[in-house]
Amino acid sequence: MYKTLIYDFDGTIGDTLPICIAAFKKAVTPFLDRDISNEEIVSTFGPSEEGTIQALIPDHFDEGIHAYWQAYKELQYMAPKAFDGIQQLLDDTARAGFQNILVTGKARTSADISLEQYGLTKDFKMILTGSPKGPNKPENIVKALKETGTDASDALYVGDAPSDITSAHAANIKIAAALWGSIIEPEKVAALKPDYTCHSVAEFRKIVLPE
């Protein structure tokens with residue numbers, strides 16, 4: 001049914017959103033005269049991590065982004081492995097002839113840290129990452145389709161956030177909502193009408209590799 005599978009990372013490949021939030025707190029708190037809430041951090045999401053640091057501590061960007069990369073790497077123990085079933089899914093879909101692509105809002109630096117942690121550095125045919133200037137998933141999805149010669153009707157995106165649903169819709173491809181992470185917004189996701197709703201990697205697997 002599909003030829004190309006396009007994956008989000010945070011909350012889809014691994015439970016890395018809590019790592020991101022903790023790393024931001026560790027990186028920016030020394031430059032603030034107050035505590036910062038999870039909600040304030042999440043409200044800046046959309047751009048890659050550089051954009052979040054710029055929004056939170058613009059006068060200390062260089063020190064802040066360096067501290068974030070260091071903290072993000074140190075905190076990998078919070079989610080040391082990909083979600084159960086992801087590695088097998090990538091192996092089996094590749095053997096079945098699918099093109100597996102990663103389109104994430106993460107910066108390339110943090111994406112590489114987590115891909116290395118999970119042993120997935122060679123499992124994606126293409127890796128497209130976020131921009132510090134703002135959300136760019138729709139453009140990167142379209143770029144992935146063009147560069148792999150995939151028709152939009154032959155591609156399926158899988159992601160956990162409401163923005164993943166809207167990004168897939170903007171790129172005119174189908175979307176599977178990944179509701180298996182620790183930070184999910186099922187009501188917001190449902191309101192955006194994803195093509196599939198999956199509460200486990202196993203459920204998603206049945207869509208792309210039906211028995």
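Relative accessible area sorts the residues into three classes: buried means under 20%, exposed over 50%, and partly exposed in between, computed with a 1.4 Å probe on protein chains only. The structure is a predicted model, in which local features need pLDDT of at least 70 and side-chain atom pairs count only at pLDDT 80 or more, while totals for chains, interfaces and linings use all residues. Residues are numbered from 1 along each chain as its sequence is written, and side-chain values use heavy atoms, with hydrogens and water left out.

**Exercise 1. Find the salt bridge between E185 and K188, and classify both residues by accessibility.**

Step 1. A salt bridge requires a side-chain nitrogen of Lys or Arg within 4 Å of a carboxyl oxygen of Asp or Glu, and for E185 and K188 the closest N and O atoms are 3.2 Å apart.

Step 2. K188 has a relative accessible area of 52% and is exposed, whereas E185, at 34%, is partly exposed.

Step 3. Beyond this pair, salt bridges that share partners join D8, K137 and D164 into one network, and the search of the whole structure finds 11 salt bridges.

**Exercise 2. Describe where the salt bridges D154 to K3 and E74 to K26 sit in the chain.**

Step 1. Elements are DSSP runs numbered from the N terminus, helices being H or I with at least four residues and strands being E with at least two.

Step 2. The side chains of D154 and K3 form a salt bridge with an N to O distance of 3.8 Å. This pair links distant parts of the chain, 151 residues apart, with D154 in the loop between α7 (137–148) and β4 (155–159) and K3 in the segment before β1 (4–7).

Step 3. D154 is buried at a relative accessible area of 19%, while K3 is exposed at 52%.

Step 4. E74 and K26 form a salt bridge in which the closest N and O atoms are 3.2 Å apart. Because E74 lies in helix α4 (residues 61–74) and K26 in helix α1 (residues 17–28), the pair ties together parts that are 48 residues apart in sequence.

Step 5. E74 is partly exposed at 41% relative accessibility, and K26 is partly exposed at 49%.

**Exercise 3. Identify the members of the largest nonpolar core that touch the most other members, and the element that gives this core its largest share.**

Step 1. A nonpolar core is a set of buried Ala, Val, Leu, Ile, Met, Phe, Trp, Tyr and Cys residues joined through side-chain atoms within 4.5 Å.

Step 2. The largest core has 50 residues, of which Y7, I13, Y68 and F204 touch the most other members, and its largest share, seven residues, comes from α1.

Step 3. Apart from this core lies another one of 18 residues, including I101, M126, A144 and V189.

**Exercise 4. List the buried residues of helix α8 and the elements they pack against.**

Step 1. In helix α8 (residues 162–170), the buried residues are P162, D164, I165, S167 and A168.

Step 2. These buried residues pack against α7, β4, β5 (174–178) and α9 (186–191), where contact means heavy atoms within 4.5 Å.

Step 3. Just after α8, N172 takes a positive phi of about 65 degrees.
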